[in-house]
2 protein chains.
Amino acid sequence: MTTANLSTTLDLPQPYLLFLGDTTEAGFAKTAFGLRDWAPEQCVGELACSPDAISLGLPKLTPAQAYAKGARSMIIGVANMGGRILDSWMPSLIAALEAGLDLVGGMHTRLVDTPALVAAAERHGRRLIDVRTPPRGIPTASGRKRSGKRLLAVGTDCALGKKYTALAIWKALKRRGVKADFRATGQTGIMIAGSGMPMDAVVSDFEAGAAEVLSPDAAPDHWDVIEGQGSLFHPSYAAVSLGLLHGSQPDVIVVCHEAGRNHVLGMPDYPLPSLEETIDMNLRLGRRTNPSIRCGGVSLNTSKLSESEARALMAAESKRLGLPVADPIRGGDEFERLLDRCLNG
Amino acid sequence: MTTANLSTTLDLPQPYLLFLGDTTEAGFAKTAFGLRDWAPEQCVGELACSPDAISLGLPKLTPAQAYAKGARSMIIGVANMGGRILDSWMPSLIAALEAGLDLVGGMHTRLVDTPALVAAAERHGRRLIDVRTPPRGIPTASGRKRSGKRLLAVGTDCALGKKYTALAIWKALKRRGVKADFRATGQTGIMIAGSGMPMDAVVSDFEAGAAEVLSPDAAPDHWDVIEGQGSLFHPSYAAVSLGLLHGSQPDVIVVCHEAGRNHVLGMPDYPLPSLEETIDMNLRLGRRTNPSIRCGGVSLNTSKLSESEARALMAAESKRLGLPVADPIRGGDEFERLLDRCLNG
């Protein structure tokens with residue numbers, strides 16, 4: 001059995017038209033903003049169904065105009081309370097299918113569970129792609145060592161910058177001329193990359209297998225930079241993190257943390273593990289499928305600190321841990337040292 | 001949010017009529033033999049659809065006779081290559097539905113994907129229950145500490161006696177007059193217990209939540225004895241094991257191992273961890289949701305050794321580890337010491 005079967009991952013037709021619905025608050029359009037910022041070359045324009053909706057500053061296009069400019073799918077880049085598909089969106093969604101665009105959604109309500117969309121997609125020979133739905137045919141993990149290099153972003157908790165860190169490292173490697181792919185494991189990441197694996201939606205028995213499929217055999221000097229999920233210390237989501245760690249077989253981990261966060265998000269009774277404990281546990285468990293795993297450094301989210309506070313904290317932590325500590329958003333020499341250590345050990 | 005919602009687990013109508021199909025080899029009827037041995041009071045009889053089929057030595061009953069004797073479901077207690085439902089079985093399966101019995105299956109081919117069975121079940125108002133299909137509405141784990149005591153069987157590998165160990169401990173606790181429930185996490189265990197959670201079929205994000213639902217709040221002196229799954233060191237299935245460990249919040253683990261097994265079943269490149277390593281890793285990770293977790297001892301499957309070899313090995317291992325080491329199948333003083341330590345620390 002080979003795990004090098006990329007067709008087992010989700011694949012999205014690119015480039016995109018970004019749909020904003022009637023959203024007036026930027027906070028509900030995080031996915032659209034993330035796509036604009038991280039995959040600008042894949043975003044040909046934006047479409048709203050209300051004149052009051054927010055704008056991304058991209059060209060405002062009808063689905064037909066977007067198709068003519070090369071777009072091949074329309075991404076629902078907004079969320080709302082409850083994750084529903086609103087009736088007011090339907091004319092725009094159906095117009096997109098008519099114009100030849102596939103529809104891509106990441107909401108709790110699946111596109112394929114909306115009969116009017118299913119009918120329109122069938123009529124026009126288009127696909128409805130729910131990025132929360134894993135592809136079929138994921139195998140159980142084989143444990144077979146794969147060729148190529150892998151870096152996995154891990155963390156002390158959820159929602160503190162693992163996706164951002166992986167994207168920043170991937171872009172920086174490309175700038176340095178290193179062959180690299182970003183491997184997405186969550187819905188926004190999948191839309192940015194145009195493919196990936198929604199790890200939290202995979203059945204547990206196949207979790208490590210899904211991670212194997214996500215980063216197949218590659219050239220010896222090629223790096224897969226893999227978006228992390230959850231934390232080995234998270235009382236709800238550690239299963240996702242361990243399956244991803246075992247199946248990814250990372251050569252290098254980068255440990256992500258947010259300065260000042262001291263308990264699990266939304267769980268005040270659960271203190272966060274220390275950075276040392278997080279590094280040690282990830283290395284101990286990761287060694288099972290890759291005995292040469294090592295820690296490349298720490299990615300510290302310092303967005304709540306001033307520039308001088310952040311630089312001082314990173315320097316102190318770096319000295320304490322004996323590892324590069326950097327905030328990819330601030331960049332600078334610290335981040336370059338982190339990259340050096342990831343690449344060269 | 002409360003996790004003490006037993007209706008979120010699978011529940012099977014008991015007692016059972018056991019269906020043997022046309023199976024002539026006992027190896028294909030493991031489930032039926034397991035039910036006869038572990039839940040004899042729930043097995044009113046057996047039904048085959050061929051005179052050449054094997055027998056469990058139970059009364060041979062028609063579905064109508066079984067219903068009259070109290071049976072409320074018929075369990076498909078046989079498997080075949082490919083896990084299919086054979087055409088030759090259909091008259092018996094439909095007769096069971098007609099007689100008022102629900103149908104319970106654990107094969108890869110789900111009962112609900114067989115149109116003739118769906119039609120017959122609807123016609124007679126009966127249920128088709130696939131024990132590989134998790135119940136709906138499993139929440140994500142809350143991490144909230146629950147009342148009552150919990151024991152979890154963990155292991156160095158798959159398929160070396162975790163279910164057997166949990167069942168043996170549960171029966172022994174009942175014999176001692178301790179309030180206890182067996183909590184099943186795999187298909188055969190679920191059929192034996194009449195309820196449970198197919199942990200390996202749960203979506204990863206809900207894995208720990210499923211374990212929380214499985215062993216709800218209980219009286220302070222009540223023990224849930226929880227069937228383990230996989231191993232934290234298994235390259236394919238560790239995600240299942242970690243979600244189960246976190247959500248179960250065990251007070252006590254019993255580590256299961258098979259004497260002489262030195263690599264992961266089917267994976268010769270993966271040596272098994274030592275017992276010390278297995279104990280240490282389970283305690284370290286389990287401490288996250290239950291800081292007072294401890295190891296009650298080792299359950300050693302010595303089925304390939306002679307009685308004298310087995311007793312000598314258990315004594316040596318017990319001395320080396322400073323823990324009770326017992327083979328539940330052999331029983332004896334070692335097993336009583338293991339139980340003492342599980343209950344009393």
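Here is a short tour of a predicted model with two chains, A and B, starting with how they sit together and then looking at one strand.

**How the two chains meet**

Turn chain B by 180 degrees, with 0.0 Å of shift along the rotation axis, and it lands on chain A with an RMSD of 0.1 Å. That is how copies are related by a two-fold axis. The same surface does the job in both copies, since 100% of the contact residues of chain B turn up again in chain A.

At the interface, 37 residues of chain B touch 37 residues of chain A. Together the chains bury about 3,000 Å², and carbon and sulfur atoms account for 52% of that. Three residues, B:S204, B:R284 and B:R288, provide 22% of the area that chain B buries against chain A, more than any other three. There are two salt bridges between the chains. One of them links B:D280 to A:R284, with the closest N and O atoms 2.8 Å apart.

**A closer look at strand 4 of chain A**

Is strand 4 of chain A, residues 73-76, covered on one face or on both? Both: A:S73 and A:I75 on one side are buried, and so are A:M74 and A:I76 on the other.

Strand 4 of chain A also has two parallel partners, listed here.

| Partner of strand 4 (chain A) | Bridges | A facing pair |
|---|---|---|
| Strand 2 of chain A, residues 16-21 | four bridges | A:F19 and A:I76 |
| Strand 5 of chain A, residues 102-105 | three bridges | A:D102 and A:S73 |

Finally, strand 4, helix 3 (residues 90-98) and strand 5 of chain A form a right-handed β-α-β unit.

Terms used: Residues numbered from 1 in each chain as written. Chains lettered and ligands numbered in written order. Predicted model: local features only at pLDDT ≥ 70, side-chain atom pairs only at ≥ 80, totals over all residues. Heavy atoms only, no water. Least-squares fit on C-alpha atoms with pLDDT ≥ 70 in both. Contact = heavy atoms within 4.5 Å. Buried < 20%, exposed > 50% of the residue type's maximum accessible area, 1.4 Å probe, protein only. Pairing = 2+ DSSP bridges. Right-handed = clockwise from strand over helix to strand, strands pointing away. Buried area = accessible area lost by both parts, 1.4 Å probe. Salt bridge = Lys/Arg side-chain N within 4 Å of Asp/Glu carboxyl O.
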